[in-house]
Amino acid sequence: MQLALFPEKIDRKVAPTNLRSNRHPIHRWANFIAGYSPEFVSECARDAGLNRGDVVLDPFAGLGTTLTQALLDGFSAVGYEANPFFHELATAKIHAATGRISPGDVFAVLESTSEYGGNLSDIFSEDALKFLKKMFANDDFRMLAGARRAENLVSEADRPLFRLVVSRIMEAVCLSQTDGVYKAPTTRKAGKPFKVALVELRRDVLTDCQDILPKPDLTAELVLGPASQLGKGRPSTASLCITSPPYLNNFDYAEMTRMELYFWGYARSWSEITERVRSQMIVNTTTAPSDLKRQHLKFATKLPEGEREFLAPIVAQLRERRDQKAGKKDYFALVYPYFAQLLEVLQGCHRVLKSESPIHVIIGDSYLYGIHIPAGDICRRLLEVAGFDSLQQVLLRTRGERWILAKREGAGTPIGEYHIYGRRN
Ligand SMILES: C[S@@+](CC[C@H](N)C(=O)[O-])C[C@H]1O[C@@H](n2cnc3c(N)ncnc32)[C@H](O)[C@@H]1O
């Protein structure tokens, strides 16, 4: 297969990163570092020669870049997202892309929101309150609590947009410095006033919604839940898959959203974050549920023999290093579950895609205790096992060199991030 992706107008190495998302309507409302650009989605669709209404699939939808852009470009979209907060935000963007929201109503409610004067423990759990109080000035927190109480004044259909807007305000007023990923009350920044953040968001959202026409001929479905469900009973209707799975030992997507999970009541304690959110997600960090890590060898049996043989010495080395190293991280227990679960999802993609349909995966390698895990190569081989062919693997960039070399022994080679593509056979 010859893909004519990214002619001169888009830099091949930049398009699959999210560096451009903030320039795009709707996408700019919420996107995160682990995404790719809307141009990447449009280019993949153009390359696949899709027709209006054809279905684009993303099993790890995140904040919905694939689904949102597919809908804006005139295609239908289906996806899965296991984190309820990301699911909500992506749903808001998808509704917007299909012209199915009333932003005026959402902002009317927010503009008349006032500080909540009651007992905060009537709204938030004990753990949530303890955490959230450290993140905001008292008056901002009471405004946010007022907004949370006002949510039921908004129609069911506009709730995802309401939550998106309030969550973005929450991030702006938050006093905790973040690296754009985790929010923890350890480092401080100056927060924006609630009303200023509200005015800025209002301007962006209303501007972006102005030109979006309703698209009654397109379907958009974002399932809240693990992508392992993919293909179970779902007909083979998709014509293109574009996705980026969590990288091994990169982000803990549950911890990343701790502030929002607590604020909206998706979880009331750290253990509920694990039970309700982490347990639904691919095992990719050592914070994964202990029972999943304990059963890691069971996952090995779900991998093809060749891959088991490739991974066995890596797992053994990681196990050995665990006892020698500070932190005593049980990385060894992540390896089989991570790749077995990834394979299961890729097999699901194969079932849902029509014959000859292209698939695009963006994935990065990892270093665990100085041991290189070539996730790009492994993913390409798993795609083949799942039934894809004509596979190509393009190195997009190397990442983390400085950090790895400074902090991690034995990591002389930078880790690669790849665009892997192929076709369902
Ligand atoms: C790299 S991010 C995807 C980013 C996305 N491409 C975007 O532009 O927003 C991976 C996503 O997979 C989600 N995820 C993790 N395990 C999952 C699972 N088993 N099923 C569905 N989604 C999962 C995470 O919550 C995260 O949002």
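A residue is counted as buried here if 20 or more other C-beta atoms lie within 10 Å of its own C-beta atom. The structure described below is a predicted model. By this count N249 is buried, because it has 20 C-beta neighbours inside 10 Å. N249 is located in the loop that runs between strand β6 and helix α9 (253–256). Although N249 is not a glycine, its phi is positive, at about 55 degrees. Most residues other than glycine have a negative phi. A second residue of this kind is Y369, which is not a glycine and has a positive phi of about 45 degrees. Y369 is part of the loop between β8 (366–368) and β9 (371–373). Y369 also counts as buried, because 20 C-beta neighbours are found inside 10 Å.

The protein as a whole has 425 residues, and 47% of them count as buried. Its secondary structure comprises 17 helices and 11 strands. Among the contacts with a separation of 6 or more, 74% are made by residues 24 or more positions apart.

Helix α1 covers residues 38–48, and 8 of its 11 residues are buried, so the helix is largely enclosed by the rest of the structure. The buried residues are P38, E39, F40, V41, E43, C44, A45 and A48. The elements that cover them include two strands and a helix from different parts of the chain, namely β1 (55–58), β6 (238–243) and α2 (65–72), together with β7 (358–364). After α1 comes G49, with a positive phi near 65 degrees.

One of the places where α1 meets its surroundings is L240, a residue of strand β6. L240 is buried, because 26 other C-beta atoms lie within 10 Å. When residues up to four places away in sequence are not counted, L240 touches C44, A45, A48, L50, V56, L57, S357 and P358. Of these, C44, A45 and A48 are also among the buried residues of α1. The C-alpha atoms of L240 and V55 are 6.9 Å apart in space, while the two residues are 185 residues apart in sequence.

Two helix pairs that share α7 were examined next. Helix α3 (residues 84–97) packs against helix α7 (residues 159–173) at an angle of about 115 degrees, and the two axes are 8 Å apart. This crossing is left-handed. On the side of α3 the contact is made by E88, L89, T91, A92 and H95, and on the side of α7 by P160, L161, R163, L164 and S167. By class, the residues of this contact are 5 nonpolar, 3 polar and 2 charged. Within such contacts, the regular geometry of a helix is relevant: an α-helix has 3.6 residues a turn, so residues three or four places apart point the same way.

Helix α4 (residues 103–111) also meets α7, with axes that come within 10 Å and cross at roughly 50 degrees. The two helices α4 and α7 are therefore oblique to each other. The crossing of α4 with α7 is right-handed. P103, V106 and L110 of α4 make the contact with L161, F162 and V165 of α7. The contact of α4 with α7 consists of 6 nonpolar residues, with no polar and no charged ones.

V154 lies in the loop between α6 (138–150) and α7. V154 is partly exposed, because it has 19 other C-beta atoms within 10 Å, and a residue needs 20 or more to be buried. Apart from its neighbours within four places in sequence, V154 is in contact with D105, V106, V109, R159 and F162. Of these contacts, V106 and F162 also take part in the contact between α4 and α7. The C-alpha atom of V154 is separated by 9.9 Å from that of S102, and the two residues are 52 residues apart along the chain.

The surroundings of the ligand were considered last. The ligand has 19 residues around it, and those that come nearest are G35, F60, G62, T65 and M281. The shell around the ligand is made up of 13 nonpolar, 5 polar and 1 charged residues.

Methods: Residues numbered from 1 in each chain as written. Predicted model: local features only at pLDDT ≥ 70, side-chain atom pairs only at ≥ 80, totals over all residues. Buried ≥ 20, exposed ≤ 12 C-beta atoms within 10 Å, placed from the backbone. Helix = DSSP H or I, 4+ residues; strand = E, 2+ residues; numbered from the N terminus. Contact = placed C-beta atoms within 7 Å. Near = placed C-beta within 6 Å. Nonpolar A, V, L, I, M, F, W, Y, C, P; charged D, E, K, R; others polar. Axes fitted to C-alpha atoms, helices over the stretch in contact; angles between N-to-C directions. Left-handed = near helix turned anticlockwise from the far one by under 90°. Parallel < 35°, antiparallel > 145°, perpendicular 65-115°, else oblique.
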